[in-house]
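The following exercises concern a predicted model of a protein chain with a ligand. Each task is followed by a solution in steps.

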Amino acid sequence: MIDLYTWATPNGRKVSIMLEAVALEYRVKPIDILHDDQFKADFLAISPNNKIPAIVDNDGPDGQPVSVFESGAILLYLAEKTARFLPQAPRLRLECMQWLMWQMGGFGPFLGQAHHFNRFAPEPVPYAIQRYNKEAQRLWQVLDTQLNGQAFIIGDSLSIADFAIYPWAARFAWQKVDPADYPAVAGWMARMEAMDFVQRGMQVPGPG
Ligand SMILES: N[C@@H](CCC(=O)N[C@@H](CS)C(=O)NCC(=O)O)C(=O)O
């Protein structure tokens, strides 16, 4: 059994989509980041950076419980545990790693800033709005180029790169992006949305 510490955010949903995809049994432990649950001592013991998501796998590599924080590390851990959604062929595996790192370093942190300045900043900050919306458009264009002519991020095989990127793309409205301007991404999003396990993962730990 895996305990998933999460909240209704793109980073959390990367992991719930993966858990649904591989059909591992898991329990959801909501961490309400709007009410500072992430700073409580028992959560800090699992997630030293005070952020969701984190997991505890009660059946870790040596049969003992193990905790994992950072969504990219969790996706890799689960992919290796189940031997699924991480290509074995060296070139494809390398490509998958690169797009996972691209998401972790760019199509996440910068979109998060766009979310913040478009929706949550107590007052409009035009410089920041312009900076992060422009970066969002650039990142979407990079993604559109990668997806052009192929079904998923890594050619025809669905991978943890798709699971990492999709929940961030799904929040396009917060980024002031119209998927219609990025047809390859729009087609890929439709393919992702159509999958049952993606739909289930996107509802964890609730709508929103
Ligand atoms: N690099 C981290 C980022 C995690 C992250 O930013 N989590 C946010 C929610 S999406 C969070 O817990 N925020 C709470 C806070 O900043 O206090 C990962 O991918 O796991």
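**Exercise 1. Locate alanine 23 and describe its backbone.**

Step 1. Alanine 23 belongs to the loop that runs between H1 and strand S2 (26-30).

Step 2. The phi angle of alanine 23 is positive, about 55°, although the residue is not a glycine.

**Exercise 2. Identify the cis peptide bonds that precede proline 53 and proline 205, and place each proline in the chain.**

Step 1. Isoleucine 52 and proline 53 are joined by a cis peptide bond with omega about 0°. Proline 53 sits in the loop between helix H2 (41-44) and strand S3 (54-57).

Step 2. The bond leading from valine 204 to proline 205 is likewise cis, and its omega is near 0°. Proline 205 occurs in the segment after H9.

**Exercise 3. Determine which residues surround the ligand and which polar atoms approach it.**

Step 1. The residues around the ligand are Thr9, Asn11, Lys14, Ile33, Gln38, Phe39, Lys51, Ile52, Pro53, Glu70, Ser71 and Met104. Both partners of the cis bond between isoleucine 52 and proline 53 appear in this set.

Step 2. For the ligand oxygen, consider lysine 51: a polar atom of its side chain lies 2.6 Å from an oxygen atom of the ligand.

Step 3. For ligand nitrogen, consider isoleucine 52 and glutamate 70. A polar backbone atom of isoleucine 52 is 2.8 Å from a nitrogen atom of the ligand. In glutamate 70, an N or O atom of the side chain is 2.8 Å from a nitrogen atom of the ligand.

**Exercise 4. Divide the chain into domains and characterise the contact between them.**

Step 1. The chain separates into domain 1 (2-84) and domain 2 (90-198). Their centres, taken over C-alpha atoms, are 21 Å apart. Domain 1 contributes 17 residues to the contact and domain 2 contributes 15 residues.

Step 2. The two domains bury about 1,300 Å² between them, with 75% of this area on carbon and sulfur atoms. On the side of domain 1, the most area is lost to domain 2 by Pro10, Lys14 and Ile17, which together account for 43% of what that side buries. Lys14 is also listed among the residues around the ligand.

Step 3. Turn to the polar terms. Four residue pairs are in polar contact across the interface of domain 1 and domain 2. The elements giving two or more residues to the side of domain 1 that touches domain 2 are helix H1 (10-22) and helix H3 (71-82). H1 gives the most, with eight residues. By class, that side of domain 1 has eight nonpolar, four polar and five charged residues.

Step 4. Count the salt bridges across the interface of domain 1 and domain 2: there is one. To assign it, note that the side chains of arginine 93 and glutamate 80 meet in a salt bridge at 3.3 Å, N to O. Glutamate 80 falls within the bounds of domain 1 and arginine 93 within those of domain 2.

**Exercise 5. State how many salt bridges the model contains, and analyse the one formed by glutamate 20.**

Step 1. The count comes to six salt bridges.

Step 2. Glutamate 20 pairs with arginine 200, and their closest N and O atoms are 2.8 Å apart.

Step 3. This pair links distant parts of the chain, 180 residues apart: glutamate 20 is in helix H1, and arginine 200 is in helix H9 (residues 196-201).

Definitions and conventions:
Residues numbered from 1 in each chain as written. Predicted model: local features only at pLDDT ≥ 70, side-chain atom pairs only at ≥ 80, totals over all residues. Heavy atoms only, no water. Domains from an automatic or database assignment. Contact = heavy atoms within 4.5 Å. Buried area = accessible area lost by both parts, 1.4 Å probe. Salt bridge = Lys/Arg side-chain N within 4 Å of Asp/Glu carboxyl O. Polar contact = N/O pair within 3.5 Å; in protein donor to acceptor, adjacent residues only side chain to side chain. Helix = DSSP H or I, 4+ residues; strand = E, 2+ residues; numbered from the N terminus. Nonpolar A, V, L, I, M, F, W, Y, C, P; charged D, E, K, R; others polar. Near = heavy atom within 4 Å.
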